[in-house]
Amino acid sequence: MVKKVPRTFDSVAYQSRGAFRAFETIMQRKMREIGLNIAHFDTLRILWEGDGLRQNEISERAFITESSMAQVINEMVRHELVERRMDAHDKRKRMIFLTPKALAMKEEILAATSQFYASAIKGIDPEHIKIYLKVARTLRANVMKEYDRQYGGRDPK
């Protein structure tokens, strides 16, 4: 038996995609004004929370493929935002570290985005934000499990 599909406006997928696209569009423009792109922003945020990660760790946290992350890291190396260093414990592995230039940009970038973020969540009870994040994480995990079941591996992030 096929379950009834919700009306478009009541679809979790439709609303999630719409919210994502709205955030993405504004953030891309904000990053362009600073001279970056959205993938640079995502990577910087991840590294500001814990510098010195392997490329695959960053790719997993940024929800993009490892090959796409390799391109992002190469661009960021060219822009002198990150550098690759040998892992002290395993010389075969390389770690990604922020440069002084990237560290110096942190306040400017966060200032440019924090006002937008505050306006995006304006009027939403902080407890509802917690609930939303829990639901969104569960939703993503469920979608990835279904992807794995149907296609046998983790391709999209």
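**Why these terms apply**

Guide: In this predicted model, helices α2 and α3 are roughly perpendicular to each other. Residues are numbered from 1 along each chain as its sequence is written, and side-chain values use heavy atoms, with hydrogens and water left out. Because the model is predicted, local features need pLDDT of at least 70 and side-chain atom pairs count only at pLDDT 80 or more, whereas totals for chains, interfaces and linings use all residues.

Visitor: What makes the arrangement of α2 and α3 roughly perpendicular?

Guide: Helix α2 (residues 38-49) and helix α3 (residues 55-62) pack at an angle of about 115°, their axes lying 10 Å apart. The axes are lines fitted to C-alpha atoms over the stretch in contact, with angles running from 0 to 180 degrees between N-to-C directions. Angles under 35 degrees count as roughly parallel, over 145 as roughly antiparallel, 65 to 115 as roughly perpendicular and the rest as oblique, and α2 and α3 are therefore called roughly perpendicular. The helices themselves are DSSP runs (H or I, at least four residues), numbered from the N terminus.

Visitor: Which residues of α2 and α3 meet, and how do they divide by type?

Guide: With contact taken as heavy atoms within 4.5 Å, Thr43, Ile46 and Leu47 in α2 meet Ile58, Arg61 and Ala62 in α3. These residues divide into four nonpolar, one polar and one charged, where Ala, Val, Leu, Ile, Met, Phe, Trp, Tyr, Cys and Pro count as nonpolar, Asp, Glu, Lys and Arg as charged, and the others, Gly among them, as polar.

Visitor: Why is the pairing of glutamate 57 with arginine 54 called a salt bridge?

Guide: A salt bridge is a side-chain nitrogen of Lys or Arg within 4 Å of a carboxyl oxygen of Asp or Glu. The closest N and O atoms of glutamate 57 and arginine 54 are 4.0 Å apart, and the pair is counted as a salt bridge. By this rule the count comes to three; among them are glutamate 83 with arginine 85, at 2.7 Å from N to O, and glutamate 146 with arginine 149, at 2.5 Å.

Visitor: How do you know whether glutamate 146 and arginine 149 are buried or exposed?

Guide: Buried means under 20% relative accessible area, exposed over 50%, and partly exposed in between (1.4 Å probe, protein chains only). Glutamate 146, at 31%, therefore counts as partly exposed, whereas arginine 149, at 60%, is exposed. Both lie in helix α6 (residues 126-151), three residues apart, about one turn of the helix.

Note on methods
Helices (H or I, at least four residues) and strands (E, at least two) are DSSP runs, numbered from the N terminus.
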